[in-house]
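Here is a short tour of how the two domains of one protein meet. Have the structure open as you read, and follow along from the overall layout down to the contact itself.

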Amino acid sequence: MSLAEYRPGLADVPAAESAISDIDGKNARLLYRGFPVEVLARESTFEETAWLLLKGELPRQKELADFDAQLRQRRALHFRMTDMFKALPATGHPMDALQASVAALGMFHSTREVSDPAGNWESCLRILASVPTLVATFHRVRLGLEPLAPRDDLDHAGNLGYMLTGKEPSPAVRKVLDACLILHAEHQMNASTFAARVVGSTLADPYRVISAAVGALAGPLHGGANEEVLDMLEVIGSAANARAWFENAVATKGKIMGFGHRVYKVKDPRATVLQDLAEHVFAETSRPRSYDTALELEKVALPVLGAKGIHPNVDFFSGIVYQSLGIPKDIFTPLFAIARTAGWLAHWLEQVGGNRLFRPEQIYKGYAERKYVSLDERA
Ligand code: COA
């Protein structure tokens, strides 16, 4: 590629050197710091995975215990943050509340000098610990309910489930939530991670960095597809309707939500794990009709779309899992953000660790220099 060549969307243009995660889109492999994501989803916890992403290695026992304790200590919000949520419109989207409140959180904490490694680590702890509380507090406040104080006797996933639903999750549900957080924690140079690195490269503090990344994730081309999958499955209505619906979608060149990916040309490994997790959840809840519709849709779509390298992506099953846990649709993308905060922070640390300000070029397509015409002389 010549340096002057313009690639819309910066497709295939490396924007950073990174050691955090790697994707092999032909062989359905996603590695966090060298470890396959499906192994982490099965064997690890979100706390351990977050440490791995942030520090580069799996933690030793004491490191993990200290990290876990430090996160638990930092979950509670200043009462003024709760007041702020009360001032926001209850009809507002939770992603907007999250973006605004992460930025506001930075106003309460003074560790904003990004050349200080100890301060940077404190910010990582504070942000990772607080983001679930921000989402859950806005959710409760908009429903007219009193916010729940975070529980320090529960781990990250358990406390998140508790604060969102008001019920302590069963061990099986906690495990599913934890695995969902792990599966969404990192995915190399996607739009929100790039946004985080660009803002980080200005040496803005990490609250501003994560706030920008949340804004990028909120767009429907990035974080919003799992909501649309559920809408689509509701429209299809039942497994019996899937074939006719699909044939009509193909004939009218409609997109099948939850299918296709810029990088994966086979079934997204995260979709495979989520499908397995869904079966576990349904053993506890009940098996929703949308799941059978999704399975049938996948079956009828495979011969047509599979041949073009279009397969289920991570969003195809995640919404069904969240819905069966009683989580409302507009909290799906905030859950993605809660998980991805670990990856964003890892990229921020990597960026500031060897920083150069992002300042790309453009190809100018406008006028050459021309003469200013005063207002009364303009035709
Ligand atoms: N359903 C039907 N056809 C699809 C499709 C889908 N979900 N995804 C891609 N295609 C087709 C396109 O129509 C296009 O066909 P054409 O060449 O005949 O015009 C071809 O595949 C390439 O699609 P394109 O959108 O250019 O691929 P991309 O790599 O830029 O897009 C996505 C990737 C994710 C944006 C795209 O697959 C999509 O919109 N999927 C649905 C939304 C979704 O699930 N997003 C979550 C991603 S994790």
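In this predicted model, the centres of domain 1 and domain 2, taken over C-alpha atoms, are separated by 26 Å. The domain assignment places residues 8-219 + 334-353 in domain 1 and residues 225-324 in domain 2. To the contact, domain 1 contributes 24 residues and domain 2 contributes 19 residues.

How much area is buried between domain 1 and domain 2? The figure is about 1700 Å², and carbon and sulfur atoms give 72% of that area. On the domain 1 side, V176, L183 and H184 lose the most area to domain 2; together these three residues make up 27% of what that side buries.

Now for the polar side of the story. The rule finds zero salt bridges across the interface of domain 1 and domain 2. Polar contacts do turn up there: four residue pairs, with both residues at pLDDT 80 or more.

If you would like to find the domain 1 surface by its secondary structure, these elements each supply at least two residues of the side that touches domain 2:

| Element of domain 1 | Residues |
|---|---|
| β1 | 21-24 |
| β2 | 29-32 |
| α1 | 37-43 |
| α8 | 171-183 |
| α16 | 332-353 |

Which element gives the largest share of this side? That is α8, with six residues. By residue class, the side of domain 1 that touches domain 2 holds 13 nonpolar, six polar and five charged residues.

Conventions
Residues are numbered from 1 along each chain as its sequence is written. This is a predicted model: local features need pLDDT of at least 70, side-chain atom pairs count only at pLDDT 80 or more; totals for chains, interfaces and linings use all residues. Side-chain values use heavy atoms; hydrogens and water are left out. Domain bounds come from an automatic or database domain assignment. Contact means heavy atoms within 4.5 Å. Buried area is the accessible area (1.4 Å probe) that two parts lose on being put together, summed over both. A salt bridge is a side-chain nitrogen of Lys or Arg within 4 Å of a carboxyl oxygen of Asp or Glu. A polar contact is a pair of N or O atoms within 3.5 Å; within protein, one must be able to donate a hydrogen and the other to accept it, and residues adjacent in sequence count only if both atoms are side-chain atoms. Helices (H or I, at least four residues) and strands (E, at least two) are DSSP runs, numbered from the N terminus. Ala, Val, Leu, Ile, Met, Phe, Trp, Tyr, Cys and Pro count as nonpolar, Asp, Glu, Lys and Arg as charged, and the others, Gly among them, as polar.
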